[in-house]
Amino acid sequence: MTSLIPRALARAGRMVDAAHMKLKKKHPGVFGSPIRQNMVQLYRHDGDFDTVISIPHHLSFLAPDTNIDIIYGIKAFDRNGGLVAFRKHRVKHFETLQKPISELLGREPDEHGMFSVSCHYSSPSGIEFLGMTSPQFMTIFMPRSERGAPQITHSHKYMDQFPPLKSKFVRSSALVEGDRNLTGISYFIMNSSQVTANANLMLTGPSNSFAHAVKLNAHGAARIDFDARGEGPFTLACEWDRVVNHRKPIAFRRFSSGLVTAAHS
Amino acid sequence: MAQRRLLIPSLAALGQEAGFVINVPLDLIRIRTFQGGKLAAVAESKPDRAVRMWRSQWAPELVATADEINTVELIGEGLSDLEGEIAFRSDDQQIAVLTGMVPLRDPGFKFSPILHQAHYNVLMPNCETYVVLVNLACESDVPVRPNKLQVEIRNLAAEVMAVTEIEASLNTTYLLPIGELARRNGVVPEQGLSLRIRGGASQFAVFTVFRNLSSGALGIEHSLPPIYFTEAPFNPVLRSHYQKAAFGDLKI
């Protein structure tokens, strides 16, 4: 019975959201453009990497004959889920917003954490044929080391609109790690929801396995370092106690050359 | 039903060996290597659950070329939404990216042009950004007709700095170094650039690679095609209006 109420609430929330989007599609002049947004991603602002966010004026490419300003909102949280800052930026037709996260926020963020990107359009006119749109972006991790290369991940899942169901589930990554020069992997995990969530990361190798449990505050993030060395193969599974939207920890692999490369898991 | 394949570009020009990882039970993996646009080798493997293979293992008799592509066909049950891992390695590092699979089309299939927003470029004296265009038209097509694409270069303030064309031959990998292309067109890359790439007549997978020119270190990610930004390309009611808006002025 206790699980039925949250499930019913979640279903009702999704239905309300779908109805809202339907109204927006039908009457964008009244209800605003239908935009699926608040996508999240990791930032790093530590001794190894800084973060640059690259956001295109996406309507320019999809509907080049229009001339609509897009107002992007960038919100960042510290690793404990505390709000660092929320700043808006107006971007004109065919412009690109690409800057370090500290410039976009107007202040220094935490060493790592989660950020989200939202937007609204200065006009809903002329883009009805695009239907539902979404402000996607790229996150560039700029190495502090002169020898390193920038690493990059695309925007990921949406921030949870409603508190996710309390229900255990395991997500296994398709990414398989291992290299003769691999000396370790750091995983960064984010809680895209507005309630505390618990996760258990399990990295399984041919001769040994690693596990690390972590409690993530609402909108919080955590770094977990595994001493995974050599060819592996190492496979990652993450057990959550809630059905959060974002389930893909970002992997940063370290090699004996000193280089670090990243990918979402 | 269209057969789907993992499409692996060559980064041999950047000193990297290509590979892939599949982490599901399979009956068979078939790997095809195309060089100069033509099928040059076919290898088959019956793998364990997690298989990692490198180019030197599946076509050791062929020297890897800059223009080659490799396709990985998976045979087994329940593989419709499968992601594959494409990897590249050198003595110093390994990079990898999870990506979807592309359909193999019948001969004569009419492909829609592609639209790639290359807005995320890192262009510094010691860093180059490559757009990696890998395409597969059809195994039996003779690779003679070119894939013409228009490249529009803007600065971050939206001013058009140059418009040019590139030709990516069928069934090949094409590396587009953005900094180098900009300089060839009299544009200073360090100011920050955004590219709009449109055209082509093939099945494309597009990646972006960052390269530290001093150390050779790399970073990689797959592109975000328009379907990530709008539902229009897959919505039968909206598609034609979208195609006209996005490509109506394109003359190549």
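Q: Buried means under 20% relative accessible area. With that in mind, what are B:Arg30 and B:Glu73, buried or exposed?
A: Both B:Arg30 and B:Glu73 are buried. Keep in mind that this is a predicted model.

Q: Thanks! What do the side chains of B:Arg30 and B:Glu73 meet in?
A: They meet in a salt bridge, at 3.1 Å from N to O. The pair links distant parts of the chain: B:Arg30 sits in strand E3 of chain B and B:Glu73 in strand E6 of chain B, 43 residues apart.

Q: Which residues are linked with those two in a network of salt bridges?
A: The network also takes in B:Arg5, B:Arg32, B:Glu44 and B:Glu139, along with B:Arg30 and B:Glu73.

Q: Let's look at B:Arg32, then. Which strand does it lie in?
A: B:Arg32 is part of strand E3 of chain B.

Q: And why does B:Arg32 count as buried?
A: Its relative accessible area is 11%, and the cut-off for buried is under 20%.

Q: Which side chains does the side chain of B:Arg32 make polar contacts with?
A: One is the side chain of B:Glu73, in a polar contact of 2.6 Å. Another is the side chain of B:Glu139, at 2.5 Å. B:Arg32 and B:Glu139 also form a salt bridge, with their closest N and O atoms 2.5 Å apart.

Q: What else does B:Arg32 touch, leaving out residues up to four places away in sequence?
A: Among the residues it touches are B:Gln3, B:Arg5, B:Leu39, B:Ala41, B:Val42, B:Ile69, B:Asn70 and B:Thr71.

Q: Zooming out a bit, what are the domains of chain B?
A: Domain 1 covers 2-103 and domain 2 covers 114-247 in the domain assignment. Taken over C-alpha atoms, the domain centres are 22 Å apart. B:Arg32 falls in domain 1 and B:Glu139 in domain 2, and the count between these two domains is two salt bridges.

Q: How many residues are in contact between domain 1 and domain 2 of chain B?
A: It's 30 residues of domain 1 with 25 residues of domain 2. About 2100 Å² is buried between the two domains of chain B, with 71% of it on carbon and sulfur atoms.

Q: How many residue pairs are in polar contact across that interface?
A: Seven pairs, taking those where both residues are at pLDDT 80 or more.

Q: Which elements of domain 1 of chain B give two or more residues to the side that touches domain 2?
A: They are strands E1 (3-9), E3 (28-35), E6 (69-75), E7 (84-89), E8 (94-99) and E9 (102-104) of chain B. The largest share is five residues, from E8(B). By class, that side of domain 1 has 17 nonpolar, seven polar and six charged residues.

Q: Changing topic: how many residues of chain B are in contact with chain A?
A: There are 52 in chain B, and they are in contact with 56 residues of chain A. The area buried between the two chains is about 4600 Å², and carbon and sulfur atoms give 57% of it.

Q: Which three residues supply more than any other three of the area that chain B buries against chain A?
A: B:Gln94, B:His119 and B:Phe229, which together supply 13% of that area.

Q: How many salt bridges are there between chain B and chain A?
A: Two. One of them joins A:Lys25 and B:Glu231, with the closest N and O atoms 2.7 Å apart. There are also 27 residue pairs in polar contact between the chains, with both residues at pLDDT 80 or more.

Q: Which strand gives the most to the side of chain B that touches chain A?
A: That's strand E17 (residues 218-222) of chain B, with five residues. The side of chain B facing chain A divides into 26 nonpolar, 15 polar and eleven charged residues.

Q: Back inside chain B, what do the side chains of B:Arg198 and B:Asp249 meet in?
A: They meet in a salt bridge, at 2.9 Å from N to O. B:Arg198 lies in strand E15 (residues 193-199) and B:Asp249 in the segment after helix H3 (239-247) of chain B, so the pair ties together parts that are 51 residues apart in sequence.

Q: How do their relative accessible areas look, B:Arg198 and B:Asp249?
A: B:Arg198 is buried at 1%, whereas B:Asp249 is partly exposed at 45%.

Methods. Residues numbered from 1 in each chain as written. Chains lettered and ligands numbered in written order. Predicted model: local features only at pLDDT ≥ 70, side-chain atom pairs only at ≥ 80, totals over all residues. Heavy atoms only, no water. Domains from an automatic or database assignment. Contact = heavy atoms within 4.5 Å. Buried area = accessible area lost by both parts, 1.4 Å probe. Salt bridge = Lys/Arg side-chain N within 4 Å of Asp/Glu carboxyl O. Polar contact = N/O pair within 3.5 Å; in protein donor to acceptor, adjacent residues only side chain to side chain. Helix = DSSP H or I, 4+ residues; strand = E, 2+ residues; numbered from the N terminus. Nonpolar A, V, L, I, M, F, W, Y, C, P; charged D, E, K, R; others polar. Buried < 20%, exposed > 50% of the residue type's maximum accessible area, 1.4 Å probe, protein only.
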